[in-house]
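Me: Please examine the model shown below and answer a series of questions about its covalent link, its sheets and its surface.

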Amino acid sequence: VPIIRFNTPTFYCAKDSLFPLQASPNGGTFTGTGVIGNNINPKIARLGNLKFYYAININACATKDSMAFVVNTPLSVSVTPQKDSVCYGSIVTLNASISGGIVANQKISWSHGQTGLKTFYIGNKSGNLIITGSDGCSDNVSDTAKIVVHPRVWVSATISDTVCRGLDGWALIKLGNGNPFKNTWSHDPNYKKDTLFAPADN
C-alpha cells in the first residue's frame, strides 16, 4: 500500500485564488470543499479548520489520506459616518475600523490619499470617499462614505450713486446658494427686503 505524503501549506488567507496542492506519489485525485482539480480556492473552502483528501491507486492498491488546513478569517472594514452633509470648506472627520486577516499587517487606505483609522476631508465637492482594507495576503475589502457638500454661499453688493448728506442712499445685497438665507444689518435703518435705505453719513 503506497504511503501518501503531503507537501502543501496548512494555512491559507481568505483569498479568491487558486493554490496548488501537492502530494506523493503523483497521479492521485484531490477532493474536498474548495478543491478544484489539483488546486484549492480558500474563498470557496471558507473559514475554519478543514480537510482535503487525496486518493491514489497503484498496482491495484488503493489508498486515501487527508490533510488538515486552516482558512483564516477574511478582512472586514467599515467607515463612520457612512453619509454626511457639510458646508463648503468645512472639515469632515471620518473613522474606519478593520478586523480579520493577518492583524499585524492590517492597513487602511483612503481614496483621497490618506492612510490610518482616522481621516480628515475638506468639503470642496460632493462624492464618495472609499476606504480599502488590506493585509498583503487576504483579498482587499472596501467600504464607502457618501459626502454631500452644499454649494458655496456668495454675496454681492450694489450701492446708490453718491448723495448729499442727509439724503437717502441705498445698498442692495444679493446672496446665492444659501437656502434659506437671512440678511442682518448692524443698525436699524429703513429695511425693505434685500435693500437698505438710510440717510447718507448716518
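Me: What is the handedness of the link of Cys-13 and Cys-137?
Reply: In this predicted model, Cys-13 and Cys-137 form a disulfide with their sulfur atoms 1.9 Å apart. The structure holds one disulfide. The angle about the S-S bond is 105 degrees, and the link of Cys-13 and Cys-137 is right-handed.

Me: How many residues apart in sequence are the parts that the pair ties together?
Reply: Cys-13 lies in the loop between strand 2 (11-12) and strand 3 (19-20). Cys-137 lies in the loop between strand 15 (127-134) and strand 16. The disulfide therefore ties together parts whose separation in sequence is 124 residues.

Me: Is Cys-13 buried or exposed?
Reply: Residues under 20% relative accessible area count as buried. Cys-13 has a relative accessible area of 5%. Its partner in the disulfide, Cys-137, counts as partly exposed at 28%. Cys-13, because its value is 5%, is buried.

Me: Which class of exposure applies to Cys-164?
Reply: The class exposed begins over 50% relative accessible area. Cys-164 has a relative accessible area of 55%, so this residue is exposed.

Me: Which residue in strand 9 is the bridge partner of Tyr-12?
Reply: Strand 2 belongs to an open sheet of four strands in the order 2-9-8-5, with mixed pairing. Strand 2 and strand 5 (29-31) are its edge strands, each pairing on one side only. Strand 2 runs parallel to strand 9 (residues 61-71), and two bridges join them. In strand 9, the partner of Tyr-12 is Val-71.

Me: Which strands stand at the edges of the open sheet with the order 11-16-15-13?
Reply: This sheet has four strands and mixed pairing. Its edge strands each have a single partner strand, so one side of each is left without a neighbour in the sheet. Neighbouring strands here are turned by 20 degrees against each other on average, direction ignored. The edges are formed by strand 11 (83-86) and strand 13 (107-110).

Me: Which residue in strand 16 stands opposite Val-86?
Reply: Strand 11 pairs with strand 16 (residues 141-149) in the parallel sense, over four bridges. Opposite Val-86, in strand 16, stands Val-149.

Me: What is the area of the nonpolar surface patch made by Leu-18, Ile-36 and Ile-44?
Reply: Ile-36, one of the three residues of the patch, has its place in strand 6 (residues 35-36). This residue is partly exposed, with a relative accessible area of 40%. Together, Leu-18, Ile-36 and Ile-44 make a patch of about 250 Å².

Terms used
Residues are numbered from 1 along each chain as its sequence is written. This is a predicted model: local features need pLDDT of at least 70, side-chain atom pairs count only at pLDDT 80 or more; totals for chains, interfaces and linings use all residues. Side-chain values use heavy atoms; hydrogens and water are left out. Two strands pair if DSSP finds at least two bridges between them. Axes are lines fitted to C-alpha atoms, for helices over the stretch in contact, and angles run from 0 to 180 degrees between N-to-C directions. A disulfide is a pair of cysteine sulfur atoms within 2.5 Å. Buried means under 20% relative accessible area, exposed over 50%, partly exposed in between (1.4 Å probe, protein chains only). Patches are made of residues with over 30% relative accessible area and no salt bridge: like charges are joined within 9 Å, nonpolar side chains (Val, Leu, Ile, Met, Phe, Trp, Tyr) within 5 Å. Accessible areas come from the Shrake-Rupley method with a 1.4 Å probe; for residues, only the protein chains shown count as cover. A salt bridge is a side-chain nitrogen of Lys or Arg within 4 Å of a carboxyl oxygen of Asp or Glu.
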